[in-house]
Amino acid sequence: MIRYTVKLTKSEVEELHSIINKGSHTSQTFRMAYILLNCDEGKYSEKVTNEQISKVLKVGMRTIDRVKKKFIEEGFEGVLERRPSTRIYESKVDGDIEAKLVTLCCSEPPKGFAKWSLRLLADKMVELKYVESISHVTVRKGFKKNELKPWKLKGWVIPPHCNSEFVASMENVLDVYKRPYDADYPVVCMDESPKQLVDELRKSVAMKPGQERRVDYEFVRHGMVNIFMANEPLKGRRFVEVTAFKARKDWAMFIKEIADKKYPRAKKITLVMDNFKTHTGAAFYETFEPKEAKRLCDRFEFIYTPKHGSWLNMAEIELHVLNGQCLNRHISTMEKVKEEVTEWQIHRNNKNSQINWQFTNKEARVKLKRLYPSINN
């Protein structure tokens with residue numbers, strides 16, 4: 001058996017150390033560098049036996065011998081650089097087969113299945129005699145090339161085509177968002193969201209190095225609370241209130257607080273919100289005396305987002321941030337929710353976090369052209 005001897009120069013040893021200590025390299029390159037350094041019998045390294053290398057690096061003896069052989073026959077660069085394979089594979093999927101795969105993926109799955117899987121598509125391609133045989137790996141490559149994700153489902157409320165009511169409300173909201181900042185006439189967005197009160201039956205295990213935080217799957221539900229969110233996009237301010245219910249009176253009390261405590265000097269407050277049955281001036285008359293109800297009605301200009309168009313409400317963005325940064329965990333009491341939400345509100349207001357809204361009527365008339373009625377018909 002031929003025994004190969006590796007003797008590295010000073011520059012080669014330094015380059016191997018630089019690969020190990022810094023830089024971005026493949027795992028194959030790191031492995032080769034470690035093996036070469038340990039196999040070196042030159043004057044710049046200490047000799048280590050193959051058995052020791054195998055034990056420390058968790059590689060086989062034959063792998064070490066192959067690296068030595070490659071170093072002797074191909075040189076230093078030949079060991080570290082991974083040459084591309086010269087083997088030519090015959091592709092089973094041409095343009096016609098790929099088109100059939102895309103069409104099949106976009107169709108309804110067979111009865112008994114909620115969605116297409118890689119293996120299910122591969123079996124169906126053979127069943128329909130599109131190909132004699134095909135593996136699920138080949139199908140996955142077609143997905144990657146055509147950016148298909150049949151396993152992914154995105155929830156979306158789709159408004160009907162040619163909806164004049166939708167586009168009228170949408171363009172009204174987008175016009176409001178174009179207004180410059182005016183302290184006398186602030187634009188405020190308002191929305192609401194429920195939060196479940198959940199208590200853990202067993203104490204969770206804290207995270208530690210090498211182990212994620214562990215939470216038991218059993219829990220106790222203690223009802224729900226409602227979270228009112230109001231934010232002024234151009235000012236970078238938001239106000240959050242946690243209530244036990246979200247009835248008309250709760251909404252009316254929250255809006256009164258906006259008018260009297262948050263904007264007491266404003267002449268008129270433009271309030272953008274979803275078109276819920278509780279979000280009306282009638283709620284003021286059910287909660288306050290007629291004189292007070294009329295005063296509050298006069299303080300506000302109500303702007304409603306269209307049905308199926310709640311994404312136009314910037315307060316929904318703030319609620320999404322609140323849920324992701326603060327409420328995405330088990331909280332058992334309403335008092336704890338209030339405490340956590342208040343701290344989040346102070347932190348975000350101190351950062352002056354603003355929403356960079358870019359969607360305009362000009363873009364809407366292009367991207368949502370299908371929603372606009374045709375006046376030629």
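**Figure 1. Helix H5 has a buried face.** In helix H5 (residues 95-105), the buried residues are Ile 97, Glu 98, Leu 101, Leu 104 and Cys 105. Seen down the axis of H5, these buried residues fall within an arc of 125°, so they line one face of the helix. On the other side of H5, Gly 95 and Thr 103 are exposed. The model shown here, and in the views that follow, is predicted.

**Figure 2. A salt bridge within helix H5 links Lys 100 and Asp 96**. The side chains of the two residues meet at 3.5 Å, N to O. Both residues lie in H5, 4 residues apart. That spacing is about one turn of the helix. Lys 100 is partly exposed, with a relative accessible area of 30%. Asp 96 is also partly exposed, at 45% relative accessibility. A search of the whole structure finds 14 salt bridges. The pair in this view is one of them.

**Figure 3. Glu 127 and Lys 124 form a salt bridge in helix H6**. Their side chains meet at 3.5 Å, N to O. Helix H6 spans residues 118-127. The two partners sit 3 residues apart in H6, about one turn of the helix. Glu 127 counts as exposed, at 55% relative accessibility. Lys 124 counts as partly exposed, at 22%.

**Figure 4. Lys 256 and Asp 260 belong to a salt-bridge network**. The closest N and O atoms of Lys 256 and Asp 260 are 3.0 Å apart. Both residues lie in helix H9 (residues 248-262). They are separated by about one helical turn, because they are 4 residues apart. Lys 256 is partly exposed, at 23% relative accessibility. Asp 260 is partly exposed too, at 27%. Salt bridges that share partners join Lys 256, Asp 260, Glu 292 and Arg 295 into one network.

**Figure 5. Cys 106 and Cys 297 are unpaired in a structure with 0 disulfides**. How many disulfides does the structure hold? The count is 0. Cys 106 is in no disulfide. Its nearest cysteine sulfur, that of Cys 105, is 5.3 Å away. A disulfide needs two cysteine sulfur atoms within 2.5 Å. Cys 106 counts as exposed, at 58% relative accessibility. Why does the sulfur of Cys 297 form no bond with the closest cysteine sulfur? That sulfur, in Cys 189, is 20 Å away, too far for a bond. Cys 297 is partly exposed, with a relative accessible area of 22%.

Key. Residues are numbered from 1 along each chain as its sequence is written. This is a predicted model: local features need pLDDT of at least 70, side-chain atom pairs count only at pLDDT 80 or more; totals for chains, interfaces and linings use all residues. Side-chain values use heavy atoms; hydrogens and water are left out. Buried means under 20% relative accessible area, exposed over 50%, partly exposed in between (1.4 Å probe, protein chains only). Helices (H or I, at least four residues) and strands (E, at least two) are DSSP runs, numbered from the N terminus. The arc is that of the directions from the helix axis to the C-beta atoms. A salt bridge is a side-chain nitrogen of Lys or Arg within 4 Å of a carboxyl oxygen of Asp or Glu.
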